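Subject: Structure for you to look at

Hi,

Here is the structure I promised to pass on. Have a look at it in your viewer first, then read my notes underneath.

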Amino acid sequence: MTYKVDNEGYFGEFGGAYVPEILHKCVSDLQNEYLKVIESESFQKEYRALLTDYVGRPSPLYYANRLSQKYGAKIYLKREDLNHTGAHKINNTVGQILIARHMGKTRIIAETGAGQHGVATATVCALMNMECVVYMGATDVKRQHVNVEKMKMLGATVVPVESGNKTLKDATNEAIRDWCCHPENTFYIIGSTVGPHPYPDMVARLQSVISEEIKWQLQEKIGRDYPDYLMACVGGGSNAGGTVYHYMDDERVKIVLAEAGGLGITTGKTAATIALGKVGILHGSKSYVIQDENGQITEPYSISAGLDYPGIGPMHANMAAKKRAQVLVVNDDEAIAAAYELTKLEGIIPALESAHAIGALPKMKFKPDDVVVLTVSGRGDKDIETYLNYYRK
Ligand SMILES: *Cc1c(COP(=O)(O)O)cnc(C)c1O
């Protein structure tokens, strides 16, 4: 039994590539090329060198002593917040831009929610001297304005999107529209394990450096290369996908994912896709989607821009459907409290998204010897205003 992708681009019943005719060639070219490129010696050499010298990997695996005492387990934090540009997103953009260059593309487009993927994409475009256009919902442009300024400084064009509720889903729609207009020269760098095959698998592989490092770091620290629990937040699923990749088929390791409950799953203001979603097609793949009886997408809500998405990657939908992963819902208030707690106990201000993973800890029942690895997907610099304003309300 494997939870990895099959030859047709499916994870169980989820995944596939549902794209308009005009993108068919782009997507099938990428399907034919991505594994060859990723597995080639020249790609690996350049990718690994950039991860080390540019991104700053390996990211530390930090034993969180006070957090461990509080929750009665041995909790290690995988510090993706310490990467260049402040989150795990850069692992993926460094890889995809090398693939884009290999395929002769000269123009890069991306969508972004919190702005982390936009910044990570604009960064590698500056590095590789490529044109960069980033689509971002107008709501997110406002709540993440520092990241917008960074993207501009890096030379990217940021296009605010005014449709829908002006967040990540709407930005993704616009990026796909752009791609349809420029399929010849444009490479779409998707920021999560979503989209048509091969994106979910490609992004998970590029992020799998996270679990590759966890293996040897645990071996060094505790003398065995697997934890009892892996925990991560999930928006589309890329930091979680990277965290679990090398453990997915190892049933000794329990997988716990935290999704964003927003104001609560019964309030209609939520982004809890696994709790509420039904099978549907969104942005090129079959997965769980929050939708009404007529199949219309329900507008999602989360205080965290990076988790404010009505879908989830097909890899994670499959792990949830097959009960390989336990999915917990963490609401806005629980995530905020968790962010303050991590800050006070460990001196680490996490991104709001990552705070959802921390916010799942009180919902767990650990044994004292349990080894838990929790991924801190990003740092909280971009969220300071939200943290401070929350208790001023
Ligand atoms: C984008 C983002 C997320 C959510 O995306 P995933 O693909 O689910 O990882 C989580 N944390 C941070 C810091 C992000 O920037």
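Below is what I found, starting with the domains and then moving to the ligand.

Before anything else, keep in mind that this is a predicted model.

The chain splits into two domains, and each is built from two stretches of sequence: domain 1 covers 23-50 + 88-202, and domain 2 covers 56-87 + 208-390. Taken over C-alpha atoms, their centres are 22 Å apart. On the domain 1 side 32 residues take part in the contact, and on the domain 2 side 37 residues do.

Now the ligand. Where does the ligand sit? You'll find it in the largest cavity. The shell around the ligand takes at least three residues from each of domain 1 and domain 2, so do keep both domains on screen when you zoom in.

In total, 18 residues surround the ligand, and the closest are Lys89, Ser192, Gly235, Ser238 and Ser377. By residue class, the shell breaks down into 11 polar, five nonpolar and two charged.

Three side chains are worth clicking on:

- Ser192: one of its polar side-chain atoms is 2.5 Å from an oxygen atom of the ligand.
- Asn239: here a polar side-chain atom lies 2.8 Å from a ligand oxygen atom.
- Ser377: a polar side-chain atom of this residue is 2.6 Å from a nitrogen atom of the ligand.

How much of the ligand's accessible area does the protein cover? On its own the ligand has 380 Å² of accessible area, and the protein covers 96% of that.

Cheers

Terms used: Residues numbered from 1 in each chain as written. Predicted model: local features only at pLDDT ≥ 70, side-chain atom pairs only at ≥ 80, totals over all residues. Heavy atoms only, no water. Near = heavy atom within 4 Å. Polar contact = N/O pair within 3.5 Å; in protein donor to acceptor, adjacent residues only side chain to side chain. Areas by Shrake-Rupley, 256 points an atom, 1.4 Å probe, with all protein chains shown as cover. 1 Å grid on protein atoms, 1.4 Å probe; cavity = no way out; pocket = protein on both sides within 12 Å on 5 of 7 lines; lining within 4 Å. Sits in = over half its atoms within 2 Å of the grid points. Nonpolar A, V, L, I, M, F, W, Y, C, P; charged D, E, K, R; others polar. Domains from an automatic or database assignment. Contact = heavy atoms within 4.5 Å.
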